[in-house]
Amino acid sequence: MFHVKLDPRPDAERRGGPGGSVAALERSLTAAQLDRLRAYAALLEERAVGLGLVSGRDRGRIWERHVQDSLRAVPCLRREFPEGTVVDLGSGAGLPGIPVAVALPGREVVLLEPRARAVAFLELTVERLGLTNVRVLRARAEEAGRGGRLAVAVLARAVAPAPRAWRLAAPLLRPSGGLVYFAGSGRASAAALRALGAGVRVRVCSEPAFPWQGPVVIISGTSRPA
């Protein structure tokens with residue numbers, strides 16, 4: 001049985017957990033990558049909030065709440081899925097796909113999003129940041145999955161509870177692939193992970209770095225929902 005347990009240690013200590021330190025990851029990025037991430041954070045505040053793609057309550061804390069949070073997927077991908085296409089499921093404002101694409105310029109990242117206003121924002125952002133490794137795909141996950149298994153890893157952040165996210169992601173994944181899922185910090189999220197059932201493996205790849213976060217987990221297995 002999977003159990004989410006928040007680490008009681010102070011933030012500075014906790015950032016050295018199995019997923020690697022967000023601060024250490026930032027230090028590994030080039031000046032150009034950091035500039036792109038800052039430009040992206042500015043676009044989120046200037047445009048995404050007004051479009052309803054990012055909560056207005058997050059003004060003034062977009063870097064921590066969205067950019068740094070999204071970067072927690074990067075060590076998971078480097079360690080567990082070092083090659084192949086990554087799909088950001090229900091990308092919305094590009095979270096976590098765009099920060100991942102900036103940090104991993106050698107990887108193809110597909111931003112999968114059905115809503116027109118979100119797609120327009122994503123296309124603008126990709127153009128402004130010059131992200132040549134990013135493709136925006138306007139489609140629902142169910143539609144994209146009919147075209148074959150696209151990805152070695154699917155990212156899901158604030159998309160759906162774990163069972164539904166797994167149902168949407170599984171048709172997109174290669175047999176050896178996995179869903180990199182940003183779990184919530186509450187009991188409901190832990191219960192949703194336990195509800196995935198037999199044949200599905202859940203393992204933590206990045207511990208929370210801040211008190212409001214849950215872990216990032218990898219969901220994989222032979223059980224593929226219809």
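**The largest pocket and its surroundings**

About 810 Å³ of space lies in the largest pocket. The structure is a predicted model, and that's worth keeping in mind for what follows. Rolling a probe the size of a water molecule over the atoms is what shows where empty space is left. Here, 38 residues line the largest pocket, and those nearest its centre are G90, R157, A158, V159 and A160. Four elements each put at least two residues into the lining: helix 4 (62-71), helix 8 (141-145), helix 9 (162-169) and strand 5 (173-182). Helix 4 gives the largest share, at three residues.

That makes helix 4 a good place to look next. Most of helix 4 is covered, with seven of its ten residues buried. The buried ones are I62, H66, V67, Q68, D69, S70 and L71. As for what they pack against, the list runs to helix 2 (22-28), helix 3 (31-48), helix 5 (73-80), helix 6 (97-103) and strand 5. Strand 5, then, turns up both as a packing partner of helix 4 and as a contributor to the pocket lining.

Strand 5 also holds G177. G177 counts as buried because its relative accessibility is 4%, and the cut-off for buried is under 20%. Along the chain, G177 and I218 are 41 residues apart, yet 9.6 Å separates their C-alpha atoms.

Back at the pocket, A158 deserves a closer look, being one of the residues nearest the centre. A158 sits in the loop that runs between strand 4 (151-156) and helix 9. Its backbone is a bit unusual to read off: phi is near 55°, a positive value in a residue that isn't glycine. A158 is classed as exposed because its relative accessible area is 78%, where the cut-off is over 50%. So a residue can be exposed by this count and still be among those nearest the centre of the largest pocket.

Another backbone feature shows up in a second loop. L95 and P96 are joined by a cis peptide bond, with omega at about 10°. P96 belongs to the loop between strand 1 (86-89) and helix 6, and helix 6 is one of the elements that the buried residues of helix 4 pack against.

On to the rings. A pair of aromatic rings is described by the distance of the centres and the angle of the planes. The count for this model comes to one aromatic pair. F210 and W212 make up that pair, with 5.8 Å from centre to centre and 5° between the planes. The pair counts as stacked because planes under 30 degrees apart fall into that class. The two partners differ in cover: F210 is buried at 8% relative accessibility, whereas W212 is partly exposed at 25%. W212 has a charged neighbour too, as the charged end of R65 sits over its ring, 4.2 Å from the ring centre.

Zooming out, the protein has ten helices and seven strands. Of its 226 residues, 53% count as buried. The exposed surface comes to about 10,100 Å², and carbon and sulfur atoms supply 51% of that area. Taking contacts between residues at least 6 apart in sequence, 70% join residues at least 24 apart.

Key:
Residues numbered from 1 in each chain as written. Predicted model: local features only at pLDDT ≥ 70, side-chain atom pairs only at ≥ 80, totals over all residues. Heavy atoms only, no water. Phe/Tyr/Trp six-rings, centres within 6.5 Å; stacked < 30°, edge-to-face > 60°. Buried < 20%, exposed > 50% of the residue type's maximum accessible area, 1.4 Å probe, protein only. Lys NZ or Arg CZ within 6 Å of the ring centre and 35° of its normal. Contact = heavy atoms within 4.5 Å. Areas by Shrake-Rupley, 256 points an atom, 1.4 Å probe, with all protein chains shown as cover. 1 Å grid on protein atoms, 1.4 Å probe; cavity = no way out; pocket = protein on both sides within 12 Å on 5 of 7 lines; lining within 4 Å. Points joined across faces, edges and corners; volume = space filled by probe spheres on them.
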